[in-house]
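Reader: I have a structure here that I don't know yet. Can you go through a few parts of it with me?

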Amino acid sequence: MTQPAMQGPAPSSRVEHRISVPSHVPMVSLLGTRDEVLRAIEEAFPALDFHVRGNEITVSGPSGEVSLAEQLLDALAEVAVRGTPLTADVVERSVAMLSQAAPASPVDVLTFDILSSRGRTIRAKTAGQKEYVEAIDRHTVTFGIGPAGTGKTYLAMAKAVQALESRKVNRIVLTRPAVEAGEKLGFLPGSLSEKIDPYLRPLYDALHDMVDPESIPRLLEAGTVEVAPLAYMRGRTLNDSFIILDEAQNTSTEQMKMFLTRLGFGSKVVVTGDVTQTDLPGGMVSGLRAVQDILADVDDVAFCRLTSADVVRHRLVSDIIDAYARWDVVSGPRRAPRDDRPSRRGAR
């Protein structure tokens, strides 16, 4: 696809390459509407000059950056051919993966389909998200640990809906602790379901994105989808179910043990949480922190650690997370828990 262009004498540090875009790749897809994608590429490589003529793109500048830009354009062309729309966000994530030598290529990540629902396809957006989804496929129990906005709950929900639609499970069970309510629950107005609804609303919101809203009341009434506080799980055995525990940083060690031992035959469990945002009373150890040591050597249990690089919200969210992490380091002596370290240990 790439061939050197004829050029006169130039500084040894600068090169010029001509990239011929294959005919099966529409230039409008590669460059974007009103050249939106091209502008994003130019912003990512301010030291390079890009010139487009027909189906050829000429790139000139420092040799190292020209090489990276070539890899990016090749990847974007393949991503577009495979049906993933190109946007400025796709460009930014692709550049990050190529620059950081991510374990998966932009093509592998951005074309990794998780669920097609309601006329759109849910895909991984980062290498960390792809690893997380693959861990869910391979293991019975998977922990998704990371900051807000990394897609922990949303992707787990997508896998749950996929498992239900493919008849791998008979029902979906969604739960989270309502720690914020505490003993104040009895003072809130309304019925019990109305009192706990605000704490379960994020799970309903994700479900509405993936399932026809008109069918949700029927699924809830039939018990095919169950959304309940963690306290309702005690004493049960859940067979042939896809079970998601959200906001697990707000569980005690006893609650975490109680939840994990609900696992029945033919079931899969995903536990999500962010240990930097606990609402537990002072001095209480988070069950999500403790379980990483307790189950570290247990087979068929995966721990996937997502970082600010996996945030898929506004780019400022990543900067905020990193700023708080730096503040935690310098704000005073405290032992950094194992899940705070910027590592993403592979699934066991």
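Reader: Is Leu220 buried, exposed or partly exposed?
Author: Leu220 is partly exposed, because its relative accessible area is 30%; buried means under 20%, exposed over 50% and partly exposed in between, with a 1.4 Å probe and protein chains only. This is a predicted model, where local features need pLDDT of at least 70 and side-chain atom pairs count only at pLDDT 80 or more, while totals for chains, interfaces and linings use all residues. Residues are numbered from 1 along each chain as its sequence is written, and side-chain values use heavy atoms, leaving out hydrogens and water.

Reader: Where is Leu220, and which residues is it in contact with?
Author: Leu220 sits in helix 9 (residues 216-222). Helices (H or I, at least four residues) and strands (E, at least two) are DSSP runs, numbered from the N terminus. Apart from neighbours within four places in sequence, Leu220 is in contact with Tyr204, Val225 and Val227; contact means heavy atoms within 4.5 Å.

Reader: OK, the sheet. What order do the six strands have?
Author: The order is 9-8-10-11-7-12, in an open sheet with parallel pairing. Two strands pair if DSSP finds at least two bridges between them. The edges are strand 9 (225-229) and strand 12 (301-305), each pairing on one side only.

Reader: How many bridges are there between strand 10 and strand 11?
Author: Four bridges, in the parallel sense, link strand 10 (residues 241-245) and strand 11 (residues 268-273). Ile244 has Val270 in strand 11 as its bridge partner.

Reader: And which strands does helix 6 touch?
Author: Helix 6 (residues 127-138) packs on the sheet and touches strand 7 (141-145), strand 10, strand 11 and strand 12. The direction of helix 6 makes about 150° with that of strand 11. Axes are lines fitted to C-alpha atoms, for helices over the stretch in contact, and angles run from 0 to 180 degrees between N-to-C directions.

Reader: How do the axes of helix 6 and helix 7 cross?
Author: They cross at roughly 40° and come within 11 Å, helix 7 being residues 152-165. That makes helix 6 oblique to helix 7; under 35 degrees counts as roughly parallel, over 145 as roughly antiparallel, 65 to 115 as roughly perpendicular and the rest as oblique.

Reader: Which residues meet there?
Author: Gln129, Tyr132, Val133, Ile136 and Asp137 in helix 6 meet Lys152, Leu155, Ala156 and Lys159 in helix 7.

Reader: Last one: what do strand 5 and strand 6 form?
Author: A hairpin, with two residues between strand 5 and strand 6. Arg118 in the turn has a positive phi of about 55°.
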